[in-house]
Amino acid sequence: MRLRTRMIIIALAAAAGALLVVLLVAGPRLRERALDNARSTLFAEARLMARLVRPSLAAGVSSDELDRLVDAAAGDVRARVTIIAPEGKVLADAELSGDALASVENHAKRPEILEAREKGMGSSLRRSTTVKRDLLYGAVTIEEDGELLGFSRVAYNLSELEEQAAQLQHAVAFALLVAFAITAVLATLLVPPGMGSMKAIMEAAHRFAAGDLAARSDVQRSDELGELAKILNATSDLLQERLNENERDQARTQAILSAMEDGVLAVDYRGIVLVANRTLVRGLDLQDPLGHHYTEVVHQREVGTVIEDVLRTGARRAIEVEFERFSQTYALTAVAFPGESGAPHGAVLTFHDVTGRRKLEQIRRDFVANASHELRTPLTSIRGFVEALEDGALEQPETGERFLRKIRTHADRMTALLSDLLDLSRLESGQTPPIWEPVHPDEAAEDVLSSFAALARSSRVELGHVDRGAPRVIADSDRMRRILEVLVDNAIKYTAARHGDGGGRVEVVTGPGVAGGARIEVVDNGPGIEAEHLPRLFERFYRVDKARSRELGGTGLGLSIARHLAEGMQASLTVTSEPGHGTRFVLDVPARPEDRPGGSTPA
Ligand code: ADP
């Protein structure tokens with residue numbers, strides 16, 4: 001039921017209740033008051049009649065005469081008047097005359113007469129046996145000088161009286177009804193007709209509560225309802241502003257977190273994941289981490305230990321964790337952060353990817369170990385020969401000379417090794433940028449081949465150049481030559497080792513490459529390389545057969561230098577091989593280098 005209707009109903013019910021009480025309380029009183037009034041009138045009239053008839057009674061007039069007197073007077077008082085002798089005989093009556101009057105029974109025992117005899121006046125309400133009606137009687141004594149002359153009795157028709165009382169009651173009821181009607185009208189008019197506005201306000205509030213933040217009521221009023229609408233709208237505005245702010249804050253935090261190169265993981269005091277940024281989700285391939293316990297998200301024991309530690313002690317922890325599944329190593333830092341609204345602290349972890357650094361460190365360690373090993377071997381040999389010479393080998397000229405040659409070979413090896421190492425370190429540090437110039441690959445190939453002609457001859461390896469019309473490219477000709485030297489040198493060495501008695505063949509093929517570039521191939525029919533070695537062939541100090549390489553004066557650095565050189569001029573160096581049949585190295589040189597930040601611009 002609408003509020004306004006209810007208010008009106010309540011007002012009317014209150015009015016109706018009040019009216020009912022008035023009717024119930026005042027109704028019976030009205031009748032009593034009417035009777036009381038009637039009684040005193042009766043007595044007054046009875047006394048009047050007494051005074052009227054007293055002289056006649058005292059004079060002892062006949063009953064007939066008295067009756068006439070009474071009949072005449074009764075017309076004035078509009079009541080039934082009866083004059084009764086002291087012993088009860090009815091002497092006169094306003095409604096009876098003659099025989100009827102004479103035959104009226106004795107009235108001495110009528111209650112009003114009995115009472116009047118005793119008290120001087122009496123009244124009674126009863127049915128008259130004489131006239132057969134409900135009457136109200138009032139009787140008074142008629143006395144003269146203390147002597148009782150009779151009774152004067154007046155009677156009212158009770159139904160008339162009742163009618164009067166009823167009329168009075170009706171009047172009161174009518175008055176009350178009018179009052180009720182006025183109340184109804186006033187209630188309807190005065191209860192504010194603003195309930196439509198109330199409904200609008202309620203609807204807006206409902207919509208807002210259901211999540212429609214734009215919900216506002218457009219109630220414009222100057223009363224309390226208008227004020228309420230205004231307050232509610234202002235509250236909604238404020239709330240929306242706060243929510244927007246919150247959203248902005250969150251977006252900003254999210255943006256910062258996603259921009260971070262380190263992984264970030266935050267858990268609350270129970271270990272439930274609150275934040276996992278993009279780097280972490282990608283790096284550790286996390287599935288839907290938010291809201292889950294960290295043990296369901298990160299399956300690495302050390303991480304769990306660190307989190308538990310921080311949650312328990314609140315102290316900072318830092319460790320390095322290797323995630324074998326992803327071949328990643330992370331430097332992990334975990335700190336406590338204050339819990340919201342009195343909750344215990346949670347933990348924030350940052351995952352810094354140190355895989356690259358770790359790998360580099362490993363490579364450096366390996367390199368130092370390898371380089372020292374490579375240097376120690378010839379040094380040990382040299383030292384051995386020197387000791388032998390000291391121990392007397394010098395005295396035997398032939399042995400002494402042989403030993404000196406050996407010492408020279410080892411010294412040469414060390415020189416070669418050191419020079420390769422220097423080259424490598426220069427290349428890696430980027431100290432010598434490529435010098436871009438037009439290069440004809442066939443010319444470069446011819447140059448290199450002619451410088452190896454003597455070695456090929458002495459190694460009994462056939463050396464040839466197949467020119468398929470390589471285009472001119474913009475490249476670093478020195479680098480190109482150095483690469484070809486490494487490849488041709490290796491090819492002659494390893495092919496000769498297989499075909500010591502001739503039959504070995506090394507070919508340099510120059511021709512067009514991809515996208516206008518040039519392709520230079522160094523093909524031999526040497527021992528070939530097992531497939532398992534190919535992926536690591538360009539690593540430093542990687543050799544398929546260590547003893548063989550050393551024997552041939554190899555340092556194990558040639559190919560890694562060659563690849564570095566190639567990459568430095570944006571070329572690619574690859575290898576394919578068929579064990580037992582030969583090896584093919586392919587150098588693809590682009591037509592011209594792409595502009596790269598940090599690289600030198602081609603001439
Ligand atoms: P090295 O100084 O030992 O030759 P490189 O880096 O030049 O070192 O070569 C690495 C290894 O690759 C060599 O030890 C050798 O086992 C293999 N290799 C290189 N070129 C050839 C080739 N043409 N035929 C067969 N094996 C080769």
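A residue counts as buried when its relative accessible area is under 20%, as exposed when the value is over 50%, and as partly exposed in between. The structure described here is a predicted model.

**Aromatic pairs**

Phe323 has a relative accessible area of 4%, under the 20% cut-off, and is therefore buried. Phe351, at 1% relative accessibility, is buried as well. Aromatic pairs in the model number 6. In one of these, the ring centres of Phe323 and Phe351 are 6.5 Å apart and the planes stand at 50 degrees, so the pair is tilted. Phe323 belongs to strand 8 (residues 317-323) and Phe351 to strand 10 (residues 346-353), so that the pair links distant parts of the chain, 28 residues apart. Ring pairs also bring in Tyr330, which forms a cluster with Phe323 and Phe351.

Another pair joins Phe367 and Phe541, with centres 5.7 Å apart and planes at 40 degrees; this pair is tilted because the angle falls neither under 30 degrees nor over 60. Phe367 lies in helix 11 (residues 355-390), whereas Phe541 lies in the loop between strand 15 and helix 16 (546-551), 174 residues apart. Phe367 is partly exposed at a relative accessible area of 21%, while Phe541 is buried at 5%.

The two pairs are set out below.

| Pair | Centre distance | Plane angle | Class |
|---|---|---|---|
| Phe323 and Phe351 | 6.5 Å | 50 degrees | tilted |
| Phe367 and Phe541 | 5.7 Å | 40 degrees | tilted |

**Strand 15 and its partners**

Strand 15 spans residues 518-524, and 6 of its 7 residues are buried, so the rest of the structure largely encloses this strand. Strand 14 (residues 504-512) runs antiparallel to strand 15 and is joined to it by 7 bridges. Within this pairing, Glu521 of strand 15 is found opposite Val509. The hairpin of strand 14 and strand 15 has 5 residues between the strands, and Ala515 in this hairpin adopts a positive phi near 50 degrees.

Strand 15 also pairs with strand 17 (residues 582-589), again in the antiparallel sense, over 7 bridges. Here Ile520 has Leu587 of strand 17 as its bridge partner.

**Nonpolar cores**

Leu587 appears again in the largest nonpolar core, which has 51 residues; Met480, Ile483, Val522, Leu537, Met569, Leu587 and Val589 are the members that touch the most others. Helix 15 (residues 477-498) supplies the largest share of this core, with 9 residues. Domain 4 (374-426) and domain 5 (433-589) each contribute at least three residues to this core. A second core, separate from this one, holds 27 residues, among them Leu42, Leu57, Ile83 and Ala92.

Leu537 is in contact with Ile529, Tyr542, Val544, Leu559, Val575 and Phe585, when neighbours within four places in sequence are set aside.

**Helix 7 and the domains**

Helix 7 (residues 224-259) contains 36 residues and extends 52 Å between its first and last C-alpha, close to the 52 Å expected at 1.5 Å a residue. Its buried residues are Leu225, Gly226, Ala229, Asn233, Ser236 and Leu257.

The domain assignment of the protein lists domain 1 (3-164), domain 2 (195-251), domain 3 (263-353), domain 4 (374-426) and domain 5 (433-589). Between the C-alpha centres of domain 1 and domain 4 the distance is 167 Å.

Note on methods: Residues are numbered from 1 along each chain as its sequence is written. This is a predicted model: local features need pLDDT of at least 70, side-chain atom pairs count only at pLDDT 80 or more; totals for chains, interfaces and linings use all residues. Side-chain values use heavy atoms; hydrogens and water are left out. Buried means under 20% relative accessible area, exposed over 50%, partly exposed in between (1.4 Å probe, protein chains only). Helices (H or I, at least four residues) and strands (E, at least two) are DSSP runs, numbered from the N terminus. Two strands pair if DSSP finds at least two bridges between them. A nonpolar core is a set of buried Ala, Val, Leu, Ile, Met, Phe, Trp, Tyr and Cys residues joined through side-chain atoms within 4.5 Å. Domain bounds come from an automatic or database domain assignment. Contact means heavy atoms within 4.5 Å. The expected span of a helix is 1.5 Å times one less than its number of residues.
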